[in-house]
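Work through the exercises below with the sequence and the 3D structure at hand, and try each task before reading its solution.

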Amino acid sequence: MAAHRKPPQHKRSGSRARTLLTAVLAGAAASAGLDGIGHAAPKPTPEQVREEVDRLYREAEAATEKYNGAKERTQVAERRVDKLQDEAARRTEDLNAARESLGSAAAAQYRSGNGLGPTMQLALSSDPDRFLRDAGMAERAGALQATEIASVSRQIHELDEVREEARTELEKLRDQQERAERHKKTVTTKLTKARRLLSQLTAEERRRLAARTGGGTAEGPSRQNGNGTAVGTGAGTGNGSAATGRQTSGGSGGRIAAPNSRTAAAIAYAQRKLGSPYVWGATGPNAFDCSGLVQAAYRSAGVSIPRTTYAQIGAGQRVTRSQLRPGDLVFFYPGVTHVGMYIGDGKMIHAPNPSAPVRIAPVDEMPFAGATRVV
């Protein structure tokens with residue numbers, strides 16, 4: 001009977017194996033997150049969200065300005081392509097008409113002389129006087145035909161050149177369209193990440209963040225911006241300095257002295273747009289991005305300035321910060337990716353970002369990059 005008993009050491013060995021297997025499985029479960037205990041990353045604080053959202057907005061704004069530039073160059077290329085295609089169509093019509101005329105003349109000559117040249121036809125004429133008269137006419141006709149042939153040849157060459165130029169411009173157009181789409185994708189990706197972060201905050205935290213973003217105040221009822229995010233109206237306060245001007249602009253934000261009537265008109269336009277939503281790529285009249293706002297403001301005053309911050313800083317006369325006067329354009333960040341309109345007393349009107357509407361804010365709230373005087 002003893003021979004049929006299970007050896008005790010085998011039982012202990014099996015127990016040790018089960019213990020080891022249990023430990024291995026427990027470790028694997030823990031490493032795979034299957035032990036039922038969550039290890040989620042801690043929720044970011046409102047301040048961390050604000051810093052990250054600000055970074056995403058700055059990156060989106062930089063991409064927005066690149067998109068605006070690519071879009072502007074796309075429009076120029078489109079107009080150039082349209083013009084070249086119209087010219088090619090007109091030249092094609094002229095060429096076809098010249099060819100038809102030349103072909104008709106050649107066919108008539110062949111029919112009238114059975115393929116004989118004009119000299120041989122006149123040599124066989126029974127009327128010498130007519131021969132003498134028509135010989136000069138034939139020479140003139142031959143010279144005219146040679147001129148027509150040369151003209152057709154020249155038109156063919158010019159048409160080929162126009163078509164080649166059109167093909168080159170079309171390639172440039174497609175390249176600009178692709179660039180614009182890439183920048184657009186970058187903008188939408190950054191803004192989507194920012195909105196996802198903001199969704200983690202409470203309504204009160206978002207309200208405080210909107211009030212702090214872009215400086216200034218966010219008084220009054222909320223409104224929807226182009227991306228569906230509720231923002232304050234940002235009516236703002238702050239009057240301009242007396243400066244050296246005789247003109248004043250009115251509207252929200254008080255009376256602001258300006259150096260001339262066109263500057264006063266531009267400032268007044270910007271004041272009327274206080275509270276308008278920020279929408280990237282927008283130039284008004286109901287929504288703006290930063291460069292779109294200042295462009296629209298000066299356009300309303302009859303002054304044309306470039307579309308992007310990169311080009312706007314090169315427009316007009318560069319001025320130092322100590323020389324600022326109402327109406328000057330002020331630029332921010334090392335890449336010159338943001339712009340506002342100075343209104344005096346250290347303040348500006350600008351379109352901050354999707355979390356904040358057009359508002360009045362201190363000039364020193366962002367890294368100053370330069371300024372220019374448009375008029």
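Helices, taken as H or I runs of at least four residues, and strands, taken as E runs of at least two, are DSSP runs numbered from the N terminus. The model used here is a predicted one.

**Exercise 1.** Find the loop that holds P285, and describe the peptide bond that leads into P285 from G284.

*Solution.* Begin with helix 6 (261-272) and helix 7 (290-300), since P285 is found in the loop between them. Then look at the bond from G284 to P285, which is cis, with omega near 5 degrees.

**Exercise 2.** Describe how helix 6 and helix 7 pack, and say which residues make the contact.

*Solution.* The two helices pack at an angle of about 130 degrees, with their axes 7 Å apart. Angles over 145 degrees count as roughly antiparallel and 65 to 115 as roughly perpendicular, with 130 degrees in neither range, and helix 6 and helix 7 are therefore oblique to each other. Helix 6 passes helix 7 in a right-handed crossing. The contact is made by T263, A265, A266, Y269 and A270 of helix 6, together with A296, A297, Y298 and S300 of helix 7, and these residues divide into 7 nonpolar, 2 polar and no charged.

**Exercise 3.** Is Y333 buried or exposed, and what is the phi of Y333?

*Solution.* Y333 is placed in the loop between strand 6 (329-332) and strand 7 (338-344). Its phi is near 75 degrees, a positive value in a residue other than glycine. Buried means under 20% relative accessible area, so Y333, with 17%, is buried.

Methods:
Residues numbered from 1 in each chain as written. Predicted model: local features only at pLDDT ≥ 70, side-chain atom pairs only at ≥ 80, totals over all residues. Heavy atoms only, no water. Buried < 20%, exposed > 50% of the residue type's maximum accessible area, 1.4 Å probe, protein only. Axes fitted to C-alpha atoms, helices over the stretch in contact; angles between N-to-C directions. Parallel < 35°, antiparallel > 145°, perpendicular 65-115°, else oblique. Left-handed = near helix turned anticlockwise from the far one by under 90°. Contact = heavy atoms within 4.5 Å. Nonpolar A, V, L, I, M, F, W, Y, C, P; charged D, E, K, R; others polar.
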